[in-house]
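The following exercises concern the contact between two domains of one protein chain. Please examine the sequence and the model before reading each solution.

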Amino acid sequence: MSKLQEAMKRKLEGARFRMLNEDLYTKHSTLSFSQFSEEPDLFDIYHRGFREQVEKWPVHPLDVIIRWLKKYPKAVIADFGCGEARLAQTVPNRCHSFDLCAPNAHVTACDMAHVPLPDASVHIAVFCLSLMGTNLADFVREARRVLKPGGLVKVAEVRSRFEGAPGGLNAFLGVMRRLGFDQRQCDNTSTMFVMMEFKKASRAPEADVEFTAKACVYKRR
């Protein structure tokens, strides 16, 4: 393949990555799961593009979460939107990894609103840049279902998803409270990411909560 052909291929893959990225943010998770189940190659295309974006970051929030998990060496983890399951392959914990496709044996393919775990079966739920779709509250409800009493949720998200949105970051923190979680930490000192930690509360979650954050759109380069 010539250099020109390679450049054209990268350009086409970049365009397809941006299209898939927008789709994942603007579709209900049931539609995304159906699409990726029918076309599993989309998962590889998306994650090749995602890896190219990661190379430009000064720090990956997953590395921050991995360091944080050292405080909980015996905790059972549910990784919602795990990608290629780097978390499960890095930490010593028992880790259940979920995403739209299963690129390796560590990952279970599913809709994150319906993961195949029993109630109250994990200590920590992780959402690392994975709150994608129009039904984000369903993912949080599912995390609450599988968490043990007092279990923790660790969320890493791109700052721009909350900036300029109605209510901003406080709106999301309020949604988490209404869904039955107490805020333990919110670190927005990074110029790119917000790191949040919540604890499963004893009070019942509200039933009619919905929430959609802004899409994270990668610019054409």
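**Exercise 1.** State how many residues of domain 1 and of domain 2 are in contact.

*Solution.* In contact are 17 residues of domain 1 and 19 residues of domain 2, contact meaning heavy atoms within 4.5 Å. The model is predicted: local features need pLDDT of at least 70, side-chain atom pairs count only at pLDDT 80 or more, and totals for chains, interfaces and linings use all residues. Residues are numbered from 1 along each chain as its sequence is written, and side-chain values use heavy atoms, with hydrogens and water left out. The domain assignment, which is automatic or from a database, places domain 1 at 3-55 and domain 2 at 61-200.

**Exercise 2.** Determine the area that domain 1 and domain 2 bury between them, and which residues of domain 1 lose the most.

*Solution.* Step one: the buried area is about 1400 Å², 67% of it on carbon and sulfur atoms; this is the accessible area (1.4 Å probe) that two parts lose on being put together, summed over both. Step two: on the side of domain 1, the greatest losses to domain 2 fall on Tyr25, Phe33 and Phe43, which together account for 44% of what that side buries.

**Exercise 3.** Identify the residues that form a salt bridge, and the helices that supply the touching side of domain 1.

*Solution.* Step one: Arg51 and Glu84 form a salt bridge, with their closest N and O atoms 2.8 Å apart; the term requires a side-chain nitrogen of Lys or Arg within 4 Å of a carboxyl oxygen of Asp or Glu. Step two: at least two residues of the side of domain 1 that touches domain 2 come from each of helix H1 (3-26), helix H2 (29-38) and helix H3 (41-54), helices being DSSP runs (H or I, at least four residues) numbered from the N terminus.
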